[in-house]
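Morning, everyone. I have one structure to walk through today. Let me put it on the screen.

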Amino acid sequence: MTSYAFSFDEPPYLAGLNEAQRAAVVSLDGAVLLLAGAGTGKTRALTTRLAHLLWSERARPQEILAVTFTNKAAREMKERVAALLKLPSVEGWWLGTFHSLAARILRQEAEAVGLKSNFTILDSDDQLRLLKQVMAAENIDEKAWPAKVLRAVIEQWKNKGYTPDLVPASEVGDFARGRSLHLYSAYQERLLTLNACDFGDLLLHNLTLFRMRPEVAQRWQQRFRYLLVDEYQDTNVAQYLWLRLLAMPQNNICCVGDDDQSIYGWRGAEVENILRFEKDFPDAKVIRLERNYRSTAAILGAASGLIARNEGRLGKTLWTEGDPGEPVRIQGLWDGEAEARFVGEEIEGLQREGHSLGEIAILVRTGAQTREFEERFVTIGLPYRVIGGPRFYERQEVRDGLAYLRLLQSPDDDLAFERICNKPRRGLGEAALRALHATARSGGLSLFAAARQLVGTDELRAQTRRPLKAFLDSVDRWRDALAATSHPELAEIVLEESGYLEMWRSDRSIEAPGRLENLKALIEALAEFDTLAGFLEHVALVMDNLEEVGGEQVTLMTLHGAKGLEYDTVFLPGWEEGLFPNQRALDEQGIRGLEEERRLAYVGLTRARKRAIISFAANRRLYGSWGASLPSRFLDEIPEEHKRMDSDQGLYGAAYQAWGGSSFGSFDAWGETRRSPGMERARARRSGGSAGSPPVIEGEARIIESVPRENPRYRVGTRVFHQKFGYGSVSRVEGERLTIAFDQTGEKKVVASFVKPAAEAG
DNA sequence: CCGGGGTCCATTTTT
DNA sequence: TGGACCCCGG
């Protein structure tokens, strides 16, 4: 402790930090790379560092730029900094995601890149629609060259910091016979005309701005005296360039990251950014946080042994003084269904021992894997939630609602106009839209302006003109009301008077009630902002999914989604060659892909505090057809002393031996011999049979026998509603276990607590 | 304007 | 296997 600046009069907030963490907090000058392994108190070090900058009076809040990747991370950092500093909030500080910070800068400098300060931020859906228009204008067959592919191409370019004039010839593929670059230019022009940006542009325009206008760059460089960057291993080239430009010339930049947790290479992240740090910043100080406060020694040992197989790491050795813990369990099963059953039973066992379901997570490689677990959990009545799926603002109804609001804010927002001019149906079909486009193009007008012009002529037939006029009048009326009405109130009026809410109210589909809920949430969210413009910015950049009501539920999600989270118990199913490591990653990226998969495995394991249970299935149905699968090579790479293997019998017969079990040496002995006493007990409990017998296909019959045959609430024929499956009627009752014929999805077994009588569903 | 039926496809995801 | 998407018929 004597080696640091505060040895004599140490600020109280350094108490409780270990030596490396202190170094991370107090090394303020120049570039610092903080290599923070999983669970090493990274966030604490980071937030304390930020506080230290202020308390030591090295910087004022407005002089610090703190960057994260996700809104969630930004929110968490804001909360922790505020708590540490005992401030009610840190609103207005330069603490946010790359995109929100870049947008904030861009709003102030918009003119320099040909935008107006109130530019619209398009999401990927708008982007796609715009690209389709651009392609149509260039007569490119969307069948042969899907707009989505072009979107991906452009996104990659933007990730690398290429404006159209900077794309190297070598990077132009054969999309649309080499016309992709031209399309990119045309798209960018179109965006400027619309006064709009896509996500990539936020960074890209910043780069252009700083390159073309050194004096502007200098102003921002002087402003931000200290930079803090989280998850540095995830930065792409554009983000890297942006940071470097802003950090110059003092390079007071602290980047926090973990090369072993770089799992987003496929989306443009460059691990090289972190590997190269010391070359980029020659005087950089590298600090390693290696003491882990999260996991047991066994879990750390397993994860460390695994990740040690990767080449080209900066290298860290995680250690803990905590509990040695139990070895990581590895369970082999017959097929995916058996695996889901196994996990379900293990969870029920944990539950009986008093563990909270909120402390259990199942982390899968691909989203599709959740399905088997969901079906099983629905059957046994285990509460669960799936993290993932479309974000709040990506939902159709939310985007429609937003389009109405955008149209009020900026009448010339053609994408918004197009989206909702016929939603609900007003008789403004394709033909009407085509006429509008023609007029708009010839007159250089927005669609809204073109529409206004057209309703004054007899070019459109009355049948079209009438509803169009009514629509325009409504929009005008709402816009006039903007000044006098609070915006949440106005939003409600708009959605009501437009008939949009009614459209969903009269929709009988399963999703309709949820959509109305989302619209309600949208309006509520609106109330939290002073202005409509402020709200629209928030939605485009910041709005997350509504968090499902937490509590007593098991969490199901992808390994990617789990980064940054931790649970007492983590299940890691599907560790099979082809699935994990994923075949496609291997095919497309070779060793690079394999290493990223391995890092993903590392991330998965290190999410666990107390226990990690890996499983694999010998048979798995993929795309409808059955296939035999082999245990993942990663299983073999976990050191012997940190794993304990168990397997249902007969998973691999002669075929497997013949294939050459030797390359997975440790699996030779799989089967009967490696079972621990604990596993025998677990097995006996599960199968209800003798320890040595093959697994019985579930004691379903037993369970059914043990419960009453009637249910006071449900009888055969009762109409019920289920959150996931919608409406259906009960076809069989066995106490709490109902068989229900769902209108949409057919018969399923469901526990009664998962449904309610249709009459109560509204 | 809807839905039925055929076709094609099939990691990972943020902003 | 199942979903997303498109086309066509009523």
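Start with the charges. This is a predicted model, and the structure holds 54 salt bridges. I'll take three pairs, then a network.

Pair one: Glu231 and Lys563. Their closest N and O atoms are 3.6 Å apart. In sequence, these two residues are 332 residues apart, so the bridge links distant parts of the chain. Glu231 sits in the loop between strand E6 (226-229) and helix H10 (237-247). Lys563 sits in the loop between strand E12 (554-558) and strand E13 (567-572). Buried or exposed, then, for Glu231? Buried, because its relative accessibility is 18% and the cut-off is under 20%. Lys563 also counts as buried, because its relative accessibility is 15%.

Pair two: Glu339 and Arg620. Here the closest N and O atoms are 2.7 Å apart. Again the pair links distant parts of the chain, with the two positions 281 residues apart in numbering terms. Glu339 belongs to helix H14 (residues 336-352). Arg620 belongs to strand E14 (residues 608-622). Both residues are buried.

Pair three: Arg584 and Glu588. The closest N and O atoms are 2.9 Å apart. Both residues lie in helix H25. They are four residues apart, about one turn of the helix. Arg584 is exposed, and Glu588 is exposed too.

Now the network. Salt bridges link Asp123, Asp125, Asp126, Arg399, Asp400, Arg406, Asp413, Arg419 and Lys423.

On to the DNA. Which residues come nearest to DNA strand B? Of the 26 residues around the strand, they are Asn71, Gly367, Arg391, Arg425 and Thr558. On the DNA side, sugar and phosphate make up 54% of the strand B atoms that come within 4 Å of the protein.

Some individual distances. A polar backbone atom of Asn71 is 2.6 Å from a phosphate oxygen of DNA strand B. For Tyr623, a side-chain N or O atom is 3.3 Å from a phosphate oxygen of the strand. For Arg365, a side-chain N or O atom is 3.1 Å from a sugar or linking oxygen.

What does the surface near DNA strand B hold, by class? Eight nonpolar, nine polar and nine charged residues. Helix H25 (residues 583-605) gives the largest share of that surface, four residues. That is the helix where we met Arg584 and Glu588.

That's the tour. Over to you.

Notes
Residues numbered from 1 in each chain as written. Chains lettered and ligands numbered in written order. Predicted model: local features only at pLDDT ≥ 70, side-chain atom pairs only at ≥ 80, totals over all residues. Heavy atoms only, no water. Near = heavy atom within 4 Å. Polar contact = N/O pair within 3.5 Å; in protein donor to acceptor, adjacent residues only side chain to side chain. Nonpolar A, V, L, I, M, F, W, Y, C, P; charged D, E, K, R; others polar. Salt bridge = Lys/Arg side-chain N within 4 Å of Asp/Glu carboxyl O. Buried < 20%, exposed > 50% of the residue type's maximum accessible area, 1.4 Å probe, protein only.
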